[in-house]
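Work through these exercises with the structure open beside you. Each task is followed by a solution in steps.

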Amino acid sequence: MVQKGAVMLRIHAYDLDRLVSVASDVPAVAAAPVASDPSAPVTSAPATPAVVWYDLVSPTPDEERIVGERLGITVPTMDEMEDIELSARLYQEDGAEFMTMTVLTRPDAGTPRKVPVTFIVKGQVLVTVRYAEPRPFDAFMARARKPNGAGLHCGYGELIMTGLIEAIIDRMADTLERLGTEIDQISQEVFSTKAAKANKKTRDLQDLIREVGQKGEFITVVRESLVSVSRVVAYYAALDGVDRKLPKELRQRLKLLQRDATSLGDHSAFLSGKINFLLDATLGLINLEQNQIIKIFSVASVVFLPPTLVASIYGMNFAYQPELQWHYGYHAAIALMIVSMAMPYLYFKRRGWL
């Protein structure tokens, strides 16, 4: 049996209007005591809350075996959860539905990770298997344990599963909103008109490229998680009318989850396109900066070419050069070199090449 206070196996029951933690599995309703006097009134024992959720967090083999024996299922291992094949992630076995999705963890730390989370629905009971602690699980449990469930409906496992998926989607929506704000800030830095030295501006743009690349990787992870969530929701919604009839409330919640996942997928695609645009724009600005430097050297070489030609002519060691004996020959040569430099410079300036 699982000891009270165990961390790896968390058992939750539904008590009137909220989730409560219990130490072990208990029957939904306790048996009524039999009175010794037939004429005496029969008093019923208070109903014991029914277990609706087994939460396995980095479970040990013993904990997996305990849950498996109680529900008559085989809890998947970590290797099975990481299998990316559709048939291995969404399947039915032992009268239960097994669904594995990819959940985003540590989005605020700047180093997001994808972790698999498996949902197992057997009758009215939900089993979750995870080897990490995504924040949406803690947020959902904190709300579900409040009086009236803070507006949540957790009467049976399927509703708990949709509540968890809703919390996961809300978390990704907040993440995408924060990413959108950060991308807007990067866009302002990329297209800033502040004057700066060429080498410093190039270094700043290179830093922006790294930052843009990190945001692009971040959005890729979010999109993969959204695709995984959409697959799970669509798979479970497809069970309606095929294997069993889903309650009306559950069908409505599944439709809302599909709609939210689709809208977030569209928004992430928009942000991904914006990231690609910023990356292309940053690379283009770096090329413009480098071309500007190359243009300066090209213009300088053209400007100094005519005076170099003049100096080369008067540096020849011929026996007869008319200007060698001229009193103002040196001054005329200097003036000729200055004029030959000024003419191409003014021409480039007039054409707008400088």
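A contact means heavy atoms within 4.5 Å. In this predicted model, residues 24 or more positions apart account for 68% of the contacts in the chain with a separation of 6 or more.

**Exercise 1. Take stock of the chain**

Task: Find how many helices and strands the chain has, and what share of its residues is buried.

Solution.
- Step 1. Count the elements: 8 helices and 7 strands.
- Step 2. Apply the cut-off for buried, which is under 20% relative accessible area. Of the 354 residues, 37% pass as buried.
- Step 3. Turn to the surface. About 20,300 Å² is exposed, and carbon and sulfur atoms supply 58% of that area.

**Exercise 2. Decide where to read with care**

Task: Identify which elements have the lowest and the highest mean pLDDT, and which stretches fall below 50.

Solution.
- Step 1. Start with the whole chain. Its average pLDDT is 80, and 84% of the residues score at least 70.
- Step 2. Compare the elements. Helix 3 (residues 86-89) has the lowest mean, 72, while strand 7 (residues 125-130) has the highest, 93.
- Step 3. Look at the N-terminal end of the numbering. Residues 1-6 have pLDDT below 50, with 7 contacts in the model beyond near neighbours in sequence.
- Step 4. Add residues 25-46, where pLDDT stays under 50. The model gives this stretch 21 contacts beyond four places in sequence.
- Step 5. Draw the conclusion: where pLDDT is low, predicted coordinates should not be read in detail.

**Exercise 3. Trace the sheet**

Task: Work out the strand order of the sheet and name its edge strands.

Solution.
- Step 1. Write the order: 2-1-3-7-6-5-4. The sheet is open, has 7 strands and shows mixed pairing.
- Step 2. Mark the edges. Strand 2 (18-22) and strand 4 (90-93) each pair on one side only.
- Step 3. Note the twist, which averages 25 degrees from one strand to the next.
- Step 4. Follow the pairing inward from strand 2. Strand 1 (residues 9-15) pairs with strand 2 in the antiparallel sense over 5 bridges. The two form a hairpin with 2 residues between them, and L16 in the turn has a positive phi of about 65 degrees.
- Step 5. Continue to strand 3. Strand 1 and strand 3 run antiparallel, joined by 6 bridges. Strand 3 then pairs with strand 7 in the parallel sense over 5 bridges.
- Step 6. Check the register. H12 has S21 as its bridge partner in strand 2 and stands opposite W53 in strand 3. W53 is in turn partnered by L126 in strand 7. A13 stands opposite V20 in strand 2.

**Exercise 4. Pack the helices**

Task: Establish which strands helix 1 and helix 5 touch, and why the buried residues of helix 4 line one face.

Solution.
- Step 1. Place helix 1 (residues 61-71) on the sheet. It touches strand 1, strand 3 (50-57), strand 6 (113-122) and strand 7, and its direction makes about 150 degrees with that of strand 3.
- Step 2. Place helix 5 (residues 157-190). It lies across strands 2, 3, 5, 6 and 7, at about 40 degrees to strand 7.
- Step 3. Check the cover on strand 3: 7 of its 8 residues are buried.
- Step 4. List the buried residues of helix 4 (residues 135-144): P136, F137, F140, M141 and A144.
- Step 5. Look down the axis of helix 4. These residues fall within an arc of 130 degrees, so they line one face.
- Step 6. Find their cover, which includes strands 1, 2, 3, 6 and 7 and helix 5.

Technical notes. Residues are numbered from 1 along each chain as its sequence is written. This is a predicted model: local features need pLDDT of at least 70, side-chain atom pairs count only at pLDDT 80 or more; totals for chains, interfaces and linings use all residues. Side-chain values use heavy atoms; hydrogens and water are left out. pLDDT is the predictor's confidence in each residue, from 0 to 100. Helices (H or I, at least four residues) and strands (E, at least two) are DSSP runs, numbered from the N terminus. Two strands pair if DSSP finds at least two bridges between them. Axes are lines fitted to C-alpha atoms, for helices over the stretch in contact, and angles run from 0 to 180 degrees between N-to-C directions. Buried means under 20% relative accessible area, exposed over 50%, partly exposed in between (1.4 Å probe, protein chains only). The arc is that of the directions from the helix axis to the C-beta atoms. Accessible areas come from the Shrake-Rupley method with a 1.4 Å probe; for residues, only the protein chains shown count as cover.
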